[in-house]
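Here are a few exercises to help you find your way around a new structure. Try each task yourself, then follow the worked solution step by step.

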Amino acid sequence: MSGLINILLINVVNGILWGLIIGASSLGLTELWGVMKVVNIAQGETLLLGAYIVIWAYTTLVLSPLVGIWIALAIGIVAGAIVYFLLLHKLIGKVEVITLKTEMSTLLIMFALSIILSNSYYYWIGSEPKGLGTWKIFASTYIIIGGLRLRTNEIFAATFAVILTLVIYLFLNKTITGKAIRAVMQDAQAASLVGINPVKIKLLTSILGIGITVFTGFLILLHEASITPETAVKYAPIAFAVVVLGGLGNELGTLIGGIIIGFVYGITKVIISSINPAILSDPFALSTAFVILVLTLLLKPEGLFGRG
């Protein structure tokens with residue numbers, strides 16, 4: 001029994017750590033969706049862009065991943081501006097009330113971007129697994145906490161995720177620019193009447209949303225042993241589940257949504273493995289995220305914590 005309890009604990013703790021990572025990596029999605037009504041179908045591929053940039057900086061430029069993430073952020077900021085001006089501005093730039101038709105148009109555009117990025121990765125980078133190899137943030141690969149053996153990279157990534165979420169939350173709730181973004185999210189027409197320029201706010205939101213997503217690609221590298229273009233298929237749907245669960249535009253809700261899904265994922269893995277060890281528990285455990293998504297949409301469509 002003690003062995004089963006230990007397995008349960010390690011899976012739950014690892015699930016929560018992973019949940020913090022997916023929560024932070026979903027922050028960009030919740031901003032784009034909440035403020036601009038743009039559903040970033042290319043969420044997974046955008047994450048991978050940041051991850052591949054960090055890998056390139058590490059393997060080619062021989063730069064620490066802790067330096068590479070800032071290169072990724074800079075490229076993400078530029079990418080956010082490009083996405084806005086080339087793909088979104090004509091549709092939503094000067095529109096205060098975004099209709100369902102406009103939302104569907106942006107959805108198809110972001111879907112096309114997803115396909116373009118995915119195929120580009122396969123063509124230019126290849127389908128071979130890539131990662132940071134044996135790189136670790138601290139001297140030791142593992143640390144023992146309360147009898148549990150945890151990866152130091154995972155703990156660092158989860159801590160980084162919490163700090164990043166708090167920084168974004170404080171920016172959006174305590175600064176003038178952040179409050180302007182909140183105002184446009186709640187009512188773009190009313191915001192424009194008090195002198196807020198919705199076009200500038202949407203540009204800033206695109207830069208913020210895409211930039212954060214590219215930036216947090218580094219966190220995925222700290223969790224996954226390696227990545228391929230197919231990794232995007234795993235992280236994009238989970239991000240949608242996290243955002244819907246936490247509430248659109250709600251940063252803290254998104255992080256907590258990630259924790260909940262990670263927690264349930266960890267427990268489900270243990271339950272499935274104990275019932276039938278021959279079954280691959282990971283795919284089944286991941287499916288619980290979408291069970292939670294369906295239940296949330298049916299019972300509390302505004303999310304557990306409401307809109308930001």
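Helices (H or I, at least four residues) and strands (E, at least two) are DSSP runs, numbered from the N terminus. The model is predicted: local features need pLDDT of at least 70, side-chain atom pairs count only at pLDDT 80 or more, and totals for chains, interfaces and linings use all residues. Residues are numbered from 1 along each chain as its sequence is written, and side-chain values use heavy atoms, with hydrogens and water left out.

**Exercise 1.** Find where Ser26 sits, and decide whether Ser26 is buried or exposed.

*Solution.* Start with the chain: helix 1 covers 2-25 and helix 2 covers 27-36, and Ser26 belongs to the loop between them. Next, look at the cover. Buried means under 20% relative accessible area, exposed over 50%, and partly exposed in between (1.4 Å probe, protein chains only). Ser26 has 1% relative accessibility, so Ser26 is buried. Finally, list its partners, where contact means heavy atoms within 4.5 Å. Setting aside neighbours within four places in sequence, Ser26 touches Gln43, Ala239, Val242, Val243 and Thr254.

**Exercise 2.** Do the same for Leu219: which helix holds this residue, and which residues are in contact with Leu219?

*Solution.* Leu219 lies in helix 10, residues 217-223. Its relative accessible area is 0%, so Leu219 is buried. Beyond neighbours within four places in sequence, Leu219 has contacts with Ile21, Ala24, Ala157, Phe160 and Ala161. For a sense of distance, take Met104, 115 residues from Leu219 along the chain: their C-alpha atoms are 30 Å apart.

**Exercise 3.** Check two spans that UniProt lists as "transmembrane region".

*Solution.* The unreviewed UniProt entry gives several such spans, including 12-34 and 69-87. UniProt positions follow the numbering used here, feature names are shortened, and annotations may be inferred rather than shown by experiment. Residues 12-34 are 96% helix and 0% strand, with end C-alpha atoms 30 Å apart. Residues 69-87 are 100% helix and 0% strand, and here the end C-alpha atoms lie 25 Å apart.

**Exercise 4.** Describe the protein as a whole: how many helices and strands does the protein have?

*Solution.* Count the elements: the protein has 13 helices and 2 strands. Then turn to burial, where 50% of the 308 residues are buried. Last come the contacts: of those between residues at least 6 apart in sequence, 76% join residues at least 24 apart.
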